[in-house]
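I opened my notebook and set out to look up a few things in this structure. Here is what I wrote down as I went.

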Amino acid sequence: MSINYIDALERLLLLDEEMMNRRYEIFRHVQGERRVFYSEKLQRWIFTQYSDVREALRDARLSSEQLPSVLKQLPAEIRDTLDTDNPLLRQANKIMMSRDDPDHARLRLLVNKAFTPRMIEHQRPLITRLTHDLLDQMGQQEQPDFIRDLAIPLPIMVIAALIGIPYESLGQIKQWSDAGADFLGKPTDTLEVFFRMAGAAMEFNAFIHPHLEERRRQPKDDLLSAFIAAESQGDKLTEDELIANIYLLLAAGNETTTNLLGNGLYALLKHPDQLELLRQRPALADTAVEEILRYESPSQITGRHTKRELEIAGQQIGADQSIMLLLGMANRDPQVFTDPDRFDITRKDNKHIAFGLGPHYCLGAPLARLEAQVILPMVLERFPAIHLTDSQIHWRKNPTFLGPENLPVALS
Ligand code: HEM
């Protein structure tokens, strides 16, 4: 059946499951046909090609300050029904991801100081031990599910340990980060998503305050203590900025890393030659993880905003316009990647932009990479006969964050 691929892309971005399953066919056609276009349905400009997306990510004329406009669009009666002191209204525009300089640079520097490569590398033994334990438990399940049993809990446990909060609250943390992922990732459903996020922000504030108080009295070797040290250095970090960015670290890393692990195992199981290669040569984990990030990018979309009229990607774009940057599509651009639809864990010169680029380049990239590089070879070593029990998987209902909802597997 012949289809209009632009229409199909819009349907995909509005979560039509049939189109989600034809994602890469749609990407190939749209990318070949249209470099840039305006979607009335999504009320956004769409950039489809690698070079334009890459340039836009580094273009200082484009703004990341988008959340406040989502909040501004809320109907007045809904704003009024909210507690005027709901922390979401104060904190949503404090996360570094949605700030421009100079606030962005200030916040990023403070978090960067605490989130050092050394601190990340120190997590390797913890990640290895937790993976062993979770794989033990998965091995005892009647119907093991890689997403439920490992890909969801592990990133939460690791980031909770880094931040310094107990991971007995795992279920709660998952709910908060789901609310955050929907809030950041869905261009539609804003009201329902907004209310869930507002509730999560209330709960998170109530949860985090006692932990902050405790660290103020007695600092430890964790991110909470490092942030508090930054807060106490004059006016560098306000209380709302502190809480908003702890929430960001908690939420930004979970959904995406779960998806990286899920997409990775799924791609390997669908390409048994590549799976076998990784099993034989675990040292290929580094290039394998880069290829997974490119081939099935966990973060498919990011956005920017124009503050004034400008020319970009060969287009004149007016002021106050939203631009969707299709990272996942850019990572399949044949002008940049040879044979882009081939999954090749030895791919060289893999310049994917799955973690973005430029000033907002993902702060958690080293952690996400480390987790996937440790975990995927361990799974293959522990369960050499692992295979899918259901060839039809369902993708999460979020156009930004791509990953399987479940990955039921048999282990022998
Ligand atoms: C596979 C996993 C991950 C992917 C694909 C991913 C993807 C991204 C992307 C594309 C951006 C840039 C957004 C933009 O430019 O608009 C970003 C930013 C960010 N990510 Fe990640 N991320 C991942 C894991 C993590 C983890 C584990 C953490 C933290 C624990 C994290 C924290 C952040 C933060 C704080 C930012 C904002 C940086 C800034 O605004 O300067 N991410 N991520």
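My entries below start with the ground rules and then go through the ligand, its shell, one sheet region and some single residues.

**Ground rules**

I'm working with a predicted model, where local features need pLDDT of at least 70, side-chain atom pairs count only at pLDDT 80 or more, and totals for chains, interfaces and linings use all residues. Residues are numbered from 1 along each chain as its sequence is written, and side-chain values use heavy atoms, with hydrogens and water left out.

**Entry 1: the iron**

Which protein atom is the donor of the iron atom of the ligand? I found only one, the SG of Cys362, at 2.3 Å. Donors here are N, O and S atoms within 2.8 Å of the metal (3.2 Å for Na, K and Ca), and water is not among the atoms, so sites may look incomplete. I then looked up where Cys362 sits: in the loop between helix 19 (327–330) and helix 20 (365–382). Helices (H or I, at least four residues) and strands (E, at least two) are DSSP runs, numbered from the N terminus.

**Entry 2: around the ligand**

I counted a residue as near the ligand if one of its heavy atoms lies within 4 Å of it. There are 27 residues around the ligand, and His104, Arg108, Thr302, His360 and Cys362 come nearest.

Next I checked polar contacts, meaning a pair of N or O atoms within 3.5 Å; within protein, one must be able to donate a hydrogen and the other to accept it, and residues adjacent in sequence count only if both atoms are side-chain atoms. His104 has a polar side-chain atom 2.6 Å from an oxygen atom of the ligand. For His360 I noted 2.6 Å from a polar side-chain atom to a ligand oxygen. Arg108 has a side-chain N or O atom 2.7 Å from an oxygen atom of the ligand.

Which element gives the most to this shell? Helix 16 does, with 7 residues. Helix 8 (103–114), helix 16 (239–270) and strand 4 (301–306) each supply at least two.

I also sorted the shell by type: 16 nonpolar, 9 polar and 2 charged. Ala, Val, Leu, Ile, Met, Phe, Trp, Tyr, Cys and Pro count as nonpolar, Asp, Glu, Lys and Arg as charged, and the others, Gly among them, as polar.

**Entry 3: strand 4**

Strand 4 turned up in the shell, so I followed it up. In strand 4, 5 of the 6 residues are buried. Buried means under 20% relative accessible area, exposed over 50%, and partly exposed in between (1.4 Å probe, protein chains only).

Two strands pair if DSSP finds at least two bridges between them. Strand 4 runs antiparallel to strand 3 (residues 62–63), with 2 bridges, and Leu62 has Thr306 as its bridge partner. Strand 4 is also antiparallel to strand 7 (residues 322–326), with 5 bridges; there, Gly303 stands opposite Met324.

**Entry 4: Arg347**

Is Arg347 buried or exposed? It's buried, because its relative accessible area is 10%. Arg347 is in the loop between helix 19 and helix 20. A polar atom of the Arg347 side chain lies 3.2 Å from the backbone oxygen of Asp339. Arg347 also touches (heavy atoms within 4.5 Å) several residues beyond four places away in sequence, including Thr287, Glu291 and Phe337.

**Entry 5: two more residues**

Arg28 is in helix 3 (residues 23–33) and counts as partly exposed, at 46%. Arg28 and Arg332 are 304 residues apart in sequence, yet 7.9 Å apart in space, C-alpha to C-alpha.

Met202 is in helix 14 (residues 190–217) and is partly exposed too, at 36%.
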